[in-house]
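Reader: I have a protein model to read. Where should I begin?

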Amino acid sequence: MGITQLFILIVLVLSLGVALGRLASKLFYRHEKKQADTKIKFIIKEAKTEAAKIKREKILEAKERFIQLRSEFEQSVGRRREKLLSEEHYLRSKEQEIAQQLEQLHRKQSALEKIKDELDQLKAQRVKQLGKIADLSAETANQQLMEAL
């Protein structure tokens, strides 16, 4: 075997080695890419699962918070309603008291007007009596009566 044949053989072996190396590299790259794709798909699937879990938890927390706020609101409204009812009851009782006092005042006023009318009648009778007794004029008798009082 001559040098040329040896040289050709070496070049062929080296070319074959480079070709096999490239082929092996491609196969390795494909295998690595496939593994990476599988890993990416797995990570994405896990992320979606985790996101769905977090979403469910957050929705549940939001619902619980809503229920809590609603309960607090209803309690607040209940307390306000009770306070308003209490104040309304208080105001009604005061209104009744005032109405009774007003009615008493009207009765007293009527009684006082009746007494005043009676006093005016008595005064008029006295003036007449004094006028008859003393033979005085009504004006003079009235003045004397006023001076006496």
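Author: Start with one residue: Ile115 lies in helix 1, which covers residues 3-134. Helices (H or I, at least four residues) and strands (E, at least two) are DSSP runs, numbered from the N terminus. This is a predicted model: local features need pLDDT of at least 70, side-chain atom pairs count only at pLDDT 80 or more, and totals for chains, interfaces and linings use all residues. Residues are numbered from 1 along each chain as its sequence is written, and side-chain values use heavy atoms, with hydrogens and water left out.

Reader: How many helices and strands does the protein chain have?

Author: The protein chain has two helices and zero strands.

Reader: Is Ile115 buried or exposed?

Author: Buried means under 20% relative accessible area, exposed over 50%, partly exposed in between (1.4 Å probe, protein chains only). Ile115 is partly exposed, because its relative accessible area is 44%. Phe7, also placed in helix 1, has 54%, so Phe7 is exposed. Of the 149 residues in the protein chain, 3% count as buried.

Reader: What does the radius of gyration say about the protein chain?

Author: The radius of gyration is taken over C-alpha atoms; the globule rule is 2.2 Å times the number of residues to the power 0.38. A compact globule of 149 residues would come near 15 Å, but the protein chain has 59 Å. Its C-alpha trace spans about 190 × 25 × 15 Å along the principal axes.

Reader: What separation do the C-alpha atoms of Ile115 and Lys63 have?

Author: They are separated by 76 Å, with the two residues 52 residues apart along the chain.
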